[in-house]
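Please look through the structure below with its strands in mind, and follow how they are paired before turning to what lies between them.

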Amino acid sequence: MLKVITALLITIFVTIPTTVTANTIEIDHPWSKAVPPTSNVAAAFLSIINHSNTDDTLIAARSPIAESAELHTLNNDNGLMKMRKVDTINIAAEHQQQLAPGGFHVMLFNLTEVPIIDSHFPLTLTFKHAGEITVNVAVKPATYSGEHHDITHDDSHALQHH
Ligand SMILES: [Cu+2]
């Protein structure tokens with residue numbers, strides 16, 4: 001029975017594509033940096049692409065592996081990088097917003113399950129217009145810093161072709 005359940009779980013994970021499009025919002029390359037087994041927190045990163053001609057706003061996040069989740073940014077405070085909670089992250093019409101190390105991220109608090117390298121965990125993002133989108137976050141080694149596409153590190157980018 002356990003084998004059947006395991007097989008089912010694997011099937012469920014495999015059938016969730018890494019790129020998820022709901023309405024007009026596309027989530028690309030969701031990933032998280034592996035944390036020590038004793039860690040209570042983890043961060044998730046991803047790209048949000050708004051294909052519509054209306055601005056949208058990320059207003060919340062949640063994951064079954066954490067008791068709570070917050071939207072965070074990283075600010076340079078007199079030379080010290082400090083994390084700060086933000087209520088929303090705006091994704092301008094026909095633009096892309098990166099959640100990446102050094103900037104915006106989803107912070108997961110009070111982990112009920114510490115993510116293991118090469119595993120995946122679900123993350124549900126709530127948008128003001130697009131509603132809820134659940135993605136499967138890939139857990140990467142601590143040395144990983146993200147996939148670099150042909151974009152710069154500005155907060156928003158005009159969409160070329162995706
Ligand atoms: Cu944070």
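A useful place to enter this predicted model is the bridge at which Ala 43 stands opposite Met 107 in strand 9. That position belongs to the antiparallel pairing of strand 3 with strand 9, which extends over three bridges. Strand 3, comprising residues 42-50, also pairs in the antiparallel sense with strand 8, in this case over four bridges, and here Ile 48 stands opposite Gln 97 in strand 8. Strand 8 itself, residues 95-99, is mostly covered, since four of its five residues are buried. Strand 9 has a further antiparallel partner in strand 5, to which six bridges join it, and within that pairing Leu 71 has Val 106 of strand 9 as its bridge partner.

These pairings belong to a protein with one helix and 12 strands, in which the helix comes at the N-terminal end of the order of elements and the strands follow it. Of the contacts in the protein with a separation of 6 or more, 71% are accounted for by residues 24 or more positions apart. Buried residues, for their part, make up 25% of the 162 residues.

Where do the nonpolar residues gather? The largest nonpolar core has 29 residues, and Val 106 and Leu 123 are those with the most contacts inside it. At least two residues of this core are supplied by each of a series of strands, among them strand 2 (25-33), strand 4 (56-62), strand 5 (66-77), strand 9 (105-111) and strand 11 (131-140), while the largest share, six residues, comes from strand 3. As a general matter, nonpolar side chains in soluble globular proteins tend to be buried together.

The surroundings of Leu 123 can be followed residue by residue: leaving aside neighbours within four places in sequence, Leu 123 is in contact with Pro 30, Ala 44, Ala 61, Ser 63, Val 106, Thr 134, Val 135 and Val 137. Val 106, the bridge partner of Leu 71, is thus also one of the contacts of Leu 123.

Leu 125, which has its place in strand 10 (residues 120-127), offers a second view of the interior. Is Leu 125 buried or exposed? Leu 125 counts as buried because 29 other C-beta atoms lie within 10 Å, where 20 or more are required. When residues up to four places away in sequence are not counted, Leu 125 touches Ile 27, Leu 58, Ala 61 and Ile 133. Ala 61 is 64 residues apart from Leu 125 along the chain, yet the C-alpha atoms of the two are separated by 4.5 Å.

Two residues deserve attention for their backbone geometry. Most residues other than glycine have a negative phi. His 29, in strand 2, has instead a positive phi near 50 degrees, and Asn 78, in the loop between strand 5 and strand 6 (80-86), likewise has a positive phi near 50 degrees. Their surroundings can be set side by side: His 29 counts as partly exposed because it has 17 C-beta neighbours inside 10 Å, whereas Asn 78 is exposed, because 5 other C-beta atoms lie within 10 Å.

Methods
Residues are numbered from 1 along each chain as its sequence is written. This is a predicted model: local features need pLDDT of at least 70, side-chain atom pairs count only at pLDDT 80 or more; totals for chains, interfaces and linings use all residues. A residue is buried if 20 or more other C-beta atoms lie within 10 Å of its own, exposed if 12 or fewer, and partly exposed in between; C-beta atoms are placed from the backbone. Two strands pair if DSSP finds at least two bridges between them. Two residues are in contact if their C-beta atoms, placed from the backbone, lie within 7 Å. A nonpolar core is a set of buried Ala, Val, Leu, Ile, Met, Phe, Trp, Tyr and Cys residues joined through C-beta atoms within 7 Å.
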